[in-house]
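This report introduces a protein structure to a reader who has not met it before. Please keep the sequence and the model in view while reading.

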Amino acid sequence: MILDIENLRVSINAKGTRTPVLRGAHLQLEQGKILGLVGESGGGKTMVCKAILGVLPESARIESGAIRFEGRDLLAMPARERRGLLGRSIAMILQNPMTALNPVFRIEDQMTDVLRLHAGLDRAQARARALEMLTAVHIREPERVLRHYPHELSGGMCQRVVISIAFSCSPRLIIADEPTTALDVTVQHQILRLIRELQRKTGTSVLFITHDLGVVAKICDSVSVIYAGRILESGPVERIFSSQHHPYTQALLDAAPRYDRPDTALHPVSPELREQLAREAEEFDRRVDREVAHA
Ligand SMILES: Nc1ncnc2c1ncn2[C@@H]1O[C@H](COP(=O)(O)OP(=O)(O)O)[C@@H](O)[C@H]1O
Ligand SMILES: [Mg+2]
């Protein structure tokens, strides 16, 4: 198990009141696999990712839980050591490649800086490695792309660069937070295929965050479904798409665009189901309050 999150509770302070955003979330990612974390917007996916990276907003507080990376709890690790893992052992691919890249530096500088810092290469070695990585993400004129600034490239091209940077230091875990959401549909497919290809080639483990179960089906080995900060269901991808699953997962399945029948595209989660899930979340909060009061 490369990543093992257990009973993670995170709350956020908004105007003096603490609201739970993660309610005992648990995730397990096996070495060399892709785990999909799927759910609608606001479910807590990015919070999970920020908790792993140790970049939660100031207003957030971790109430309980463990985030084990290769068996060691990141939450109990000295800050300096934890920071040392970022970029080197754990890399990120974000939703918007334009914000992931620094607009004022050429692609070459951004790629070689990372390689010099995290892989200890000198300038010439870093440049050679950058060219190699751009070729690996199927960029045809890597020499030319190195000279460009991010705004001179398309969104899809920028995401290829970001992916090449993420893989360039041979991280053991990559966290991809909705990496294709900001891209055109055709580019989305290419980028998904690319992530899968590099993952297979390198054996890197990936936590892949998305709101789209169709995307999960394409590239993930297993999946966890999140709603209101609770993991409703986890399992191998084949199982989620076959028989028994949680009613919320079914609603997400129904909401996924059907390419064969675009007119039936949206079956939103029913108000009854939302109410039930909200009740369960409140029940969870009450149980935690009782436990805290008794402790
Ligand atoms: N900086 C913040 N301050 C206050 N609330 C936040 C902040 N970021 C996220 N939230 C709240 O936390 C919950 C989970 O958000 P998030 O993890 O971003 O969801 P997702 O990534 O699944 O769309 C949401 O209810 C959101 O409103
Ligand atoms: Mg998000």
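## Domain arrangement

In this predicted model, the centres of domain 1 and domain 2, taken over C-alpha atoms, are separated by 28 Å. The domain assignment gives domain 1 as residues 3-89 together with 171-294, and domain 2 as residues 97-170.

## The interface between the domains

The size of an interface is often given as the accessible area lost when the parts come together. For domain 1 and domain 2, the buried area is about 1400 Å², and 69% of it lies on carbon and sulfur atoms. Helix H8, residues 185-202, supplies the largest share of the side of domain 1 that touches domain 2, with nine residues. By class, this side of domain 1 consists of ten nonpolar, five polar and three charged residues.

Contact between the two domains involves 18 residues of domain 1 and 14 residues of domain 2. The rule finds zero salt bridges across the interface of domain 1 and domain 2. It does find three residue pairs in polar contact there, with both residues at pLDDT 80 or more.

## The loop between S7 and H8

Two residues are described in the loop that joins strand S7 (173-177) to H8. Thr180 lies in this loop, and so does Glu178. Thr180 has a relative accessibility of 5% and counts as buried, because the cut-off for that class is under 20%. Residues up to four places away in sequence are not counted in its contacts, and Thr180 touches Gln188, Ile191 and Leu192.

Glu178 has a phi near 50 degrees, a positive value in a residue other than glycine. Its relative accessibility is 10%, so Glu178 also counts as buried.

## Ser170

Ser170 is placed in the loop between helix H7 (155-168) and S7. Its phi is near 50 degrees, which is again a positive value in a residue other than glycine. Is Ser170 buried or exposed? Ser170 counts as exposed, because its relative accessibility of 52% is over the 50% cut-off.

## His246

His246 is found in the loop between helix H10 (237-240) and helix H11 (247-255). With a relative accessible area of 18%, His246 is under the 20% cut-off and is therefore buried. Leaving aside neighbours within four places in sequence, His246 is in contact with Leu232, Glu233 and Leu277.

Conventions:
Residues numbered from 1 in each chain as written. Chains lettered and ligands numbered in written order. Predicted model: local features only at pLDDT ≥ 70, side-chain atom pairs only at ≥ 80, totals over all residues. Heavy atoms only, no water. Domains from an automatic or database assignment. Contact = heavy atoms within 4.5 Å. Buried area = accessible area lost by both parts, 1.4 Å probe. Salt bridge = Lys/Arg side-chain N within 4 Å of Asp/Glu carboxyl O. Polar contact = N/O pair within 3.5 Å; in protein donor to acceptor, adjacent residues only side chain to side chain. Helix = DSSP H or I, 4+ residues; strand = E, 2+ residues; numbered from the N terminus. Nonpolar A, V, L, I, M, F, W, Y, C, P; charged D, E, K, R; others polar. Buried < 20%, exposed > 50% of the residue type's maximum accessible area, 1.4 Å probe, protein only.
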